[in-house]
Amino acid sequence: MKKTRSILIKEATGGSLEFSVNPESITVSESRDNIKENIDAIGDVIFPGKRGLKTVSISTFIPSAKSKFRRRGSVQTDLELLNRWIKEDVILRVVISKPTINFKAILDSKSITVREGDLDVYIDLKLTEVKDIEIPTVASVSI
């Protein structure tokens, strides 16, 4: 089956994981933090909130060295990279083409499944958006 999109997860220092096999589906979620209240004599009302954090869920597999899908590196190298990303809170860039998705994220969760007789490693990843926060500084005044 021909690849219809590219999926790349990379860190600023150079470590990256590009999937050579596209998952059957990718789920990108966005939400708003709305407030729903019940007001006497009116009933339910909603107060629009701000946009919540994006999340992307990916379920795919890392091909073994013997697989025709393996491009470079090893399964072990890819798993070590994922382990470091989750243990060290590495800020990542998630880039997906068609449709274009590009945002900073942190690896929120990962699960790995191995199957008897199969050297491929099946993974489920959840990445959550990281927003830059600019906190203004206030100059202190001596009295």
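1. Pairing of β3 and β6. In this predicted model, strand β3 is joined to strand β6, which spans residues 55-62, by 4 bridges, and the two run antiparallel. Within this pairing, Val28 lies opposite Val56 of β6. Strand β3 itself covers residues 26-29 and is an edge strand of the sheet, pairing on one side only.

2. The sheet as a whole. The pairing of β3 with β6 belongs to an open sheet of 7 strands, arranged in the order β2-β1-β7-β8-β9-β6-β3 with antiparallel pairing. At the edge opposite β3 in this order stands β2, a strand of residues 16-18 that likewise pairs on one side only. From one strand to the next, the twist averages 30°.

3. The helix on the sheet. Helix α1, formed by residues 75-87, packs on the sheet and touches β1, β2, β6, β7, β8 and β9. The direction of the helix makes about 125° with that of β8, the strand of residues 101-115. In the protein chain as a whole there are 1 helix and 9 strands. Read from the N terminus, the elements follow the order β-β-β-β-β-β-α-β-β-β.

4. Strand β1 and its two faces. In a regular strand, side chains alternate between the two faces of the sheet. Strand β1 (7-11) shows this alternation: Ile7, Ile9 and Glu11 point to one face and are buried, whereas Leu8 and Lys10 point to the other and are not. The reader may wish to note that Glu11 is listed with the buried side chains of this strand.

5. Neighbours of β1. On one side, β1 pairs with β7 in the antiparallel sense over 5 bridges, and Glu11 stands opposite Leu92 of β7. With β2, strand β1 shares 3 bridges, again in antiparallel fashion; here Leu8 has Glu18 as its bridge partner. The hairpin of β1 and β2 has 4 residues between the strands, and in this hairpin Gly14 adopts a positive phi near 115°.

6. The aromatic pair. How many aromatic pairs does a search of the whole structure find? The search returns 1. A pair of aromatic rings is described by the distance of the centres and the angle of the planes. For Phe61 and Tyr122, the ring centres are 5.7 Å apart and the planes stand at 45°; the pair is therefore tilted, since an angle under 30 degrees would count as stacked and one over 60 as edge-to-face. Phe61 belongs to strand β6 and Tyr122 to strand β9, so that the pair links parts of the chain 61 residues apart. Both residues are buried.

7. Thr60 beside the pair. Thr60 is also placed in strand β6. Is this residue buried or exposed, at a relative accessible area of 8%? Thr60 is buried, because a value of 8% lies under the 20% limit. Leaving aside residues up to four places away in sequence, Thr60 touches Phe19, Val21, Asn22, Pro23, Val121, Tyr122 and Ile123. Tyr122, a member of the aromatic pair, is thus one of the contacts of Thr60.

8. Backbone features in the loops. Most residues other than glycine have a negative phi, and most peptide bonds are trans. In the loop between β7 and β8, which holds Lys98 and Pro99, the peptide bond from Lys98 to Pro99 is cis, with omega near -5°. Lys98 also has a positive phi, near 55°, although this residue is not a glycine. Lys98 counts as exposed, because its relative accessibility of 60% is over 50%.

9. Ala41. A positive phi of about 70° is found at Ala41, again a residue other than glycine. Ala41 sits in the loop between β4, residues 35-39, and β5, residues 43-47. With a relative accessibility of 91%, Ala41 counts as exposed.

10. Overall dimensions. The radius of gyration of the protein chain is 21 Å, whereas a compact globule of 143 residues would have one near 15 Å. Along the principal axes, the C-alpha atoms fill a box of roughly 65 × 55 × 30 Å. Of the 143 residues, 32% count as buried. The accessible surface amounts to about 10100 Å², with 52% belonging to carbon and sulfur atoms. Among contacts between residues at least 6 apart in sequence, 54% join residues at least 24 apart.

How values were computed. Residues numbered from 1 in each chain as written. Predicted model: local features only at pLDDT ≥ 70, side-chain atom pairs only at ≥ 80, totals over all residues. Heavy atoms only, no water. Pairing = 2+ DSSP bridges. Axes fitted to C-alpha atoms, helices over the stretch in contact; angles between N-to-C directions. Contact = heavy atoms within 4.5 Å. Rg over C-alpha atoms; globule rule 2.2 N^0.38 Å. Buried < 20%, exposed > 50% of the residue type's maximum accessible area, 1.4 Å probe, protein only. Areas by Shrake-Rupley, 256 points an atom, 1.4 Å probe, with all protein chains shown as cover. Phe/Tyr/Trp six-rings, centres within 6.5 Å; stacked < 30°, edge-to-face > 60°.
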